Amino acid sequence: EEARDMPPSKRKAAAKAPASNAAGKQPASKEYQAEKLTGKRMQKGMHRATIDNPKGTPKYFYEVKWAGTDNKGQPWENTFEPADKLVGWEEEMKAVDAALERQQTEPQNNPVRRKREEREAEAKQKAKQVMEARARLQRRKARAATKSGAASEGSASEEESGEEEDGALAGEALDAELARLQELEGLMQEVLTAEGGATLQQLEGLLVAAGTDPSAAAKAMQQLSAAASSEAAPAASEHKRMGRSRVWLAFNRETDRCTLPHPTRPGETCNARPDKGTGTSGHIRHLEKHHPEEWTQIQTTGRVPAKDTIAAALAASADSSRPAVSKEDKAELDRLTARWIAKCSRPESIVDDTELQQLLARMLELCKARLRYSLPSRRTVQRELQLLGAEGRTAGRNMCVNLLKSGVKLTITGDLWSENGMGLFGIYAHGILESTDEKGEEKWAMVKSLIGLVACESERHTSENIKRWTKEALEALGLKPEVLLQSDGSAGNGSGSDGIASRLPAELKTAFGKMPREYLEQAHFDLLGVDSCVGSTDDLIFKKVSDNGSNIKGAWGEDLDQWMGCADHTLELCTLPITYWSKKKQSGEAAEPPKGSVEDSFRKARGIVGYLRVSTIALSDFHACQKRLGLPENKIDQDVRTRWRSSHAMAGDFISNKAAVLEMDKNSAYKDPGETWGKNKLSFVDWDHLEEGCAILHEAAGVSQLLEGDLYPTVSFIIPAMFRLMHYSSPNQSVYFANRDEDEDNDARVNPVEVPHDELQDKIQEARKKYHDSLVTRYDTELPMEIKKFLYIAALLDPRFKKLKFDGDGMMKDSMRRRAEGWLKIEYNAGYAKKVFDPSAAAAGADASVGGQDGAGPSSAIAPPAPKRPKTSSSIVFAKRGASAQPADTSPTAGAEQGPFEDEMAEYLKLPQIEGEDDWAPLEWWCANKKRFPNLARMARQYLGCPATSATVERLFSAVGLAFSDQRKSSSADTLADIAFTKLNLD
């Protein structure tokens, strides 16, 4: 009896006899307690007992806790004993085990539970009385109304004759019944406020609605009874659960299945069995794996979490009782979802994310949505991405056609990219479009658009293949003269978009056919000087810009009249004497630079920065040194082998933290003072190499960053910028330091220190001379004549450089200026004079405009977004060393409203050079003076619309790299192309 009534949570029994195998360990007179082991403790006891009894493994194990102390006053150690080894405990343990087994199957006599059940039964009985009275009252009211209606007509049916007696109660009896009902309703209110009536209060609406229909009342009572039972179930089952584990709050003891909500299917119960394991370990593993949040709350509060409102809202959003959105609205929402996935570089599988689905459902619930909507499937998202990709391609095609309509050929930039088995060849189109802003004012704007992204991972990147990929990409958009020609309102051969539509499945071609597409007329081809019948895609290209790689240069550089090397890449080749990285040997190890060289100094700085990057402890100590010295606690970014400007920036940050680097070298926590950096320790000469190298390349870094822009003219900036770099890198010019404090009272940031060339370190003098010679060679003496003509003409068409006068122009000869003006006149007369406006036709009284262009109105209705200001500006070229900056005059030239000149070139060259440091000054000037120089303005749009670098394509591949994340490694090249066209071409 005593063992049967023991609490199951403790499972303890007491005895006064020692264990048989305790001889020599415990005195026989000592008392002990035995506790049954379960789970991991049972495994531990089994292991211990198996050692003591290797012949057999007993069924039960107990941990014996001995009372009293030994002769030294220390408590006896606990021992693990099998049941059959406990003297005098065989029968007692069997009784304990039998009681425990009964505890698992039989409910306990719990007075709290019994009282609760009685209250709930009483509440249900009273609620039943209320429902019966209400139903009876409704029936009598209906019979009384029927009889009174029949009496007014003077006739009564046979069925009503049998109910006359009941109808007589419509008076006083009906009032008495109503009073009784009110009394029962008062009693019902007491039940609702009593303990255990919360469920009844939740179903109060069902009771009210059920009062008009007896069958509905019975149904409501069934729901009421089921709800009351479910509410009482947790309390009734609390005492059935064995042990102290709380996993049984999430599992049904009888079925051994999980009762928590399903983790991925809202509105359903998990109903899963526990994972493999002894005791409750399998239950715990299941909860930690599939219900981590609920399990944490159960462990913390000891309660099952309430029904998730978000999951409930998600279930409600899928409720078929709510009307769904219309087919058109759902298609639009699906399209916006796919657009968001492409724009934000999210994987298509995100539509299956439970958290996102719950967020959407909760938003619909909080916004009181009347309609039902659920996220599209992956297949729908992929289909919408295909359609968005086609729309992005069409947008790029239309931009190119608008440029051609305005008499401007296309400038393209291209580059190759490969990563993790994926290879792509990207092509961008550039130009200047005339548009109208929201105020109705005309303006010129640089525009760009992605027009090609070709998969090339399975082919070699040879010149022949690059040439073929370029042609295929342009023809896929329909950028071919015979395809673009429009006659009588239709495309010349009806295939203006077949290259785009051919990638779409049949069900999407109808939607694609509704997208607007632009075409050209014969007058536009005449203005461009292109044969619309036999012309090729190359006839629509004005200039191709790429890096100096031999493969792409061989493909695009066959005709130097159409190709130009990336100015940024060429400038990088010039800086190699200072920022050079040693190439790796065939073994994979980098070659060791010569000791004492500039490269060796950069290598040491690179090693220290790399150590601070990988060691969190060292970085923490470095920040502590910065804090003690009053320096900003910033990290130094590691440079990249293929980006010379990153090496320059790393060296600059390293020099700014020179004091912190030297302070950390004294830290004895690493090595002996002065040995912290080991072989990377910098000498005084190394520090001078870094400081002087950064000072020499300071202006080159600003020029490089400015040339990478694609929203303002940059090609006209190449000649002035490069000649300025040549001038100030020559040995007869001093070097300006912005971070060297030779004088303690001098602030080098305000008053830079000037150091002559002869006072620099010997290795820096050699590197500076090589840097200077490389600039002169690549941009003057050995620059191909075709590229030189193009760069000088572009500079002359920029009103800021039309006289080729700028700071640092000392190396340019006057004869070079005269030759450049001659090249400009020859090019103008050959391809642009009298094309837009013909003065002779105006003198004869005829229409002076040619090809539908009058030089006054915008050629396109597209209004590009306002461009972002670059981090640097043209002031780095216009500002003279040692002189304070003066406000520049950027106002339009006087007489800008005059009519067209007969000799536009002569009048343009007579005008003074404007003093404008704004990067958009050329566009603003030409837009204000295009009526005076209509033909020359078209030429300026053609030349100034060419970017100086291929950095736009590099930024494209940065976006593609984000899209080609670890969650989208299995994406095809077509999918990446659709995402890129959507992200970059659609606003």
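**Exercise 1. Pairing in the hairpin of β5 and β6**

Determine which residue of β6 stands opposite W417, and describe how β5 and β6 are joined.

*Solution.* In this predicted model, W417 has L424 of β6 opposite to it. Next, consider the two strands as a whole: β5 and β6 run antiparallel and are joined by nine bridges. The hairpin that they form has two residues between the strands, and N420 takes a positive phi near 50° there. Finally, consider how far β5 is covered. This strand comprises residues 410-419, and eight of its 10 residues are buried.

**Exercise 2. From one pair to the sheet**

Establish in which sense β5 pairs with β10, and then give the order of the strands in the sheet.

*Solution.* Step one: β5 and β10 pair in the parallel sense, over four bridges. Within this pairing, L410 stands opposite I541 of β10.

Step two: strand β10, residues 541-546, is in turn joined to β11 by three bridges, and these two strands run parallel. Here K544 has W563 of β11 opposite to it.

Step three: the five strands form an open sheet with the order β7-β6-β5-β10-β11, and its pairing is mixed. The edge strands are β7 (442-455) and β11 (563-565), each of which pairs on one side only. On average, neighbouring strands of the sheet are turned by 25° against each other, direction ignored.

Step four: helix α37, residues 921-929, packs on the sheet and touches β6 (422-436) and β7. The direction of α37 makes about 120° with that of β7.

**Exercise 3. The two sides of helix α33**

Compare the expected span of α33 with the distance between its end C-alpha atoms, and state where its buried residues lie around the axis.

*Solution.* Begin with the length. Helix α33 has 18 residues, 814-831, and at 1.5 Å a residue it should span 26 Å. The expected span is 1.5 Å times one less than the number of residues. The end C-alpha atoms of α33 are 27 Å apart, which agrees with the expectation.

Continue with the covered residues: M816, R817, A820, W823, L824 and Y828 are buried. They cover an arc of only 125° around the axis, and therefore they lie on the same side of α33. On the other side of the helix, R818, I826, N829 and A830 are exposed. Among the elements that cover the buried residues of α33 are α32 (785-796), α36 (904-910) and α38 (934-944).

**Exercise 4. Buried or exposed?**

Classify C400, C533 and H291 as buried or exposed.

*Solution.* A residue is buried under 20% relative accessible area and exposed over 50%. C400 is at 0% relative accessibility, so it counts as buried. C533 has a relative accessible area of 58% and is therefore exposed. The structure holds zero disulfides.

H291 has a relative accessible area of 0% and is therefore buried. This residue lies in the loop between α10 (281-290) and α11 (292-301). Its neighbours within four places in sequence being left aside, H291 is in contact with C258, L260, P261, P263, C270 and H286.

**Exercise 5. The chain as a whole**

State how many helices and strands the protein chain contains, and what percentage of its residues count as buried.

*Solution.* The protein chain contains 40 helices and 13 strands. Of its 987 residues, 45% count as buried. As a last step, consider contacts between residues at least 6 apart in sequence: 72% of these join residues at least 24 apart.

Methods
Residues are numbered from 1 along each chain as its sequence is written. This is a predicted model: local features need pLDDT of at least 70, side-chain atom pairs count only at pLDDT 80 or more; totals for chains, interfaces and linings use all residues. Side-chain values use heavy atoms; hydrogens and water are left out. Buried means under 20% relative accessible area, exposed over 50%, partly exposed in between (1.4 Å probe, protein chains only). The arc is that of the directions from the helix axis to the C-beta atoms. Contact means heavy atoms within 4.5 Å. Two strands pair if DSSP finds at least two bridges between them. Axes are lines fitted to C-alpha atoms, for helices over the stretch in contact, and angles run from 0 to 180 degrees between N-to-C directions. A disulfide is a pair of cysteine sulfur atoms within 2.5 Å.
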